[in-house]
Number of protein chains: 2
Amino acid sequence: MASQNGSCSEDPGKRQAILEQAIRTFAELGFRGADVQIIADRAGVGKGTVYRYFKSKGDLFWATTYEVMLRLDRHVFQAMEGVEGACAKLRASAVAYSHFFVDDPRYLALFLQDIAEFRGSGPESHREHREKMIHKMGELLQQGIEAGELRPVDTRQTTLALGSLLFGATALGSHLKLMPVARMTEYAVDIFLRGIRSDVSLEAEPSCLMESRKQ
Amino acid sequence: MASQNGSCSEDPGKRQAILEQAIRTFAELGFRGADVQIIADRAGVGKGTVYRYFKSKGDLFWATTYEVMLRLDRHVFQAMEGVEGACAKLRASAVAYSHFFVDDPRYLALFLQDIAEFRGSGPESHREHREKMIHKMGELLQQGIEAGELRPVDTRQTTLALGSLLFGATALGSHLKLMPVARMTEYAVDIFLRGIRSDVSLEAEPSCLMESRKQ
DNA sequence: TATCACGGACGGACCAGTCCGTCCATTTAA
DNA sequence: TTAAATGGACGGACTGGTCCGTCCGTGATA
């Protein structure tokens with residue numbers, strides 16, 4: 001994923017410019033559809049220069065998905081700062097997650113490319129980072145359980161289930177256009193939360209789903 | 001999606017053979033990676049023959065995704081036959097859904113191609129069929145609500161949320177290989193069900209998630 | 001002048017869709 | 001019943017175009 005460097009001196013600004021245009025171009029045209037020449041043109045460099053900073057087209061692609069992973073990570077965990085309570089934190093993370101992809105659909109396109117084209121394979125670094133994010137979410141759940149706000153669920157499985165829900169809602173929602181993604185996500189997360197909340201917590205603060213019973 | 005026919009006589013068997021090999025090849029190599037020549041070779045016909053049965057490579061691709069949609073539909077709704085109760089039916093459909101893609105990963109690859117490459121666009125027929133499936137699931141939820149087994153949730157939104165969960169669990173699960181897909185799906189659906197079950201139904205038949213409280 | 005980052009022309013591989021000659025099944029004529 | 005004629009389904013060579021990765025000439029810098 002990293003630039004292979006060798007002995008040449010590299011300009012981080014130029015590297016970043018190429019990366020940024022790669023995100024844009026891969027998202028628009030897909031991995032195969034994206035001509036490296038276009039990325040070079042957009043970044044204002046020659047094609048040879050692209051190959052100086054990145055070993056191959058594939059390498060460049062991995063660098064872009066890694067970059068987006070980092071951005072998603074920052075975005076989601078920043079959104080949880082200052083929020084109190086496990087349920088509220090989870091909801092905040094879900095909202096941030098869906099906004100991340102709705103605000104910039106290129107990111108979603110890139111992730112889908114990754115999965116569709118490369119079956120989510122990719123360098124070890126990607127896997128490691130993913131594992132780190134899963135772990136962080138797991139800890140958050142654990143705190144919620146210890147605080148009595150959540151039932152004692154399996155934290156890893158629950159994290160993966162929540163991740164699946166968010167990914168599915170975002171991917172399907174964005175593409176099938178059956179309903180606004182943000183609303184869809186919030187609704188789905190509410191159901192999910194009601195499913196993992198402790199009964200005590202449920203009585204204390206009924207979810208919006210409960211309210212619909214009045215209808 | 002349909003073969004454009006014109007005035008030539010067509011052999012349904014040959015069409016089916018081409019379609020079958022197209023599923024296989026698109027799944028293995030992706031839309032762009034799949035050479036029509038390979039599909040032709042595998043189906044035991046000439047390349048020209050492929051273009052006799054399908055207007056273009058894209059047309060052939062739509063025909064394959066439509067075919068898979070039909071199979072998924074049959075598979076899921078067949079699994080619900082003879083099952084009593086809304087929750088049990090939903091669980092059965094979820095299990096069938098995940099099995100459909102786990103048993104034949106080509107189907108998942110095809111769907112992901114569809115979303116990644118074509119942004120879920122595609123002929124009107126696809127949209128219509130999808131809408132029909134959503135409607136059928138919605139009716140099922142409605143029956144569960146009327147029977148008092150489920151809380152009075154919005155059936156369409158809930159269907160979409162469940163669909164998102166299933167899709168996400170299958171797609172992420174299959175590719176990230178973090179956990180067996182079937183187990184992941186069952187777990188996620190249990191959480192989901194607990195979130196939409198009526199309290200009465202919950203007391204009567206505690207979900208497996210409840211049991212984990214004993215730990 | 002020597003060094004080196006850089007750009008872009010180029011080689012070669014690959015592929016969608018077309019088009020024409022072949023071959024087979026069916027029909028007509030003897 | 002056999003032989004010739006006809007039409008159209010079929011195969012695959014071919015064309016026009018695309019795109020990856022390399023390599024070499026150029027211009028900036030020290």
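Between which two helices of chain B is Lys177(B) found? The points below answer this and go on to the rest of this predicted model.

1. Position of Lys177(B). The residue is found in the loop that runs between helix 8 (155–176) and helix 9 (181–196) of chain B. Its backbone deserves a remark, as Lys177(B) has a positive phi of about 55° without being a glycine. Most residues other than glycine have a negative phi. Lys177(B) has a relative accessible area of 63%, and is therefore exposed, the cut-off being over 50%.

2. Lys177 in chain A. Here, too, the phi is positive, about 55°, and Lys177(A) is not a glycine. The loop that holds Lys177(A) lies between helix 8 (155–176) and helix 9 (181–196) of chain A. With a relative accessible area of 64%, Lys177(A) is exposed.

3. Ser164(B). This residue has its place in helix 8 of chain B. Is Ser164(B) buried or exposed? Ser164(B) counts as buried because its relative accessible area is 2%, against a limit of under 20%. Apart from neighbours within four places in sequence, Ser164(B) is in contact with Ser164(A), Leu165(A), Gly168(A), Ala169(A), Leu172(A) and Met184(A).

4. Extent of the contact between chains A and B. On the side of chain B, 53 residues are in contact with 53 residues of chain A. The size of an interface is often given as the accessible area lost when the parts come together. For chain B and chain A the buried area is about 4800 Å², and 61% of it falls on carbon and sulfur atoms. The count of salt bridges between chain B and chain A is zero. Residue pairs in polar contact between chain B and chain A, with both residues at pLDDT 80 or more, number eight.

5. Elements on the chain B side. At least two residues each come from helix 1 (12–33), helix 6 (105–118), helix 7 (124–146), helix 8, helix 9 and helix 11 (208–211) of chain B, on the side that touches chain A. Helix 8 of chain B gives the most to that side, with 15 residues. By class, the side of chain B that touches chain A is made up of 27 nonpolar, eleven polar and 15 charged residues.

6. Surroundings of DNA strand C. The strand is surrounded by 17 residues, of which the closest are Gly46(A), Thr49(A), Arg52(A), Lys47(B) and Lys57(B). Of the atoms of DNA strand C that come within 4 Å of the protein, 65% belong to sugar and phosphate. The residues of the surface near DNA strand C comprise six nonpolar, five polar and six charged.

7. Helices near the DNA. Helix 3 (47–53) of chain A and helix 3 (47–53) of chain B each supply at least two residues of the surface near DNA strand C. The largest share of this surface, five residues, comes from helix 3 of chain A.

8. Individual atom pairs with DNA strand C. Which part of DNA strand C lies 2.7 Å from a polar side-chain atom of Lys47(B)? The partner of Lys47(B) is a base oxygen. By contrast, Lys14(A) has a polar side-chain atom 3.0 Å from a phosphate oxygen of the strand. An N or O atom in the side chain of Asp35(B) is 2.9 Å from a phosphate oxygen of DNA strand C.

Note on methods:
Residues numbered from 1 in each chain as written. Chains lettered and ligands numbered in written order. Predicted model: local features only at pLDDT ≥ 70, side-chain atom pairs only at ≥ 80, totals over all residues. Heavy atoms only, no water. Helix = DSSP H or I, 4+ residues; strand = E, 2+ residues; numbered from the N terminus. Buried < 20%, exposed > 50% of the residue type's maximum accessible area, 1.4 Å probe, protein only. Near = heavy atom within 4 Å. Polar contact = N/O pair within 3.5 Å; in protein donor to acceptor, adjacent residues only side chain to side chain. Nonpolar A, V, L, I, M, F, W, Y, C, P; charged D, E, K, R; others polar. Contact = heavy atoms within 4.5 Å. Buried area = accessible area lost by both parts, 1.4 Å probe. Salt bridge = Lys/Arg side-chain N within 4 Å of Asp/Glu carboxyl O.
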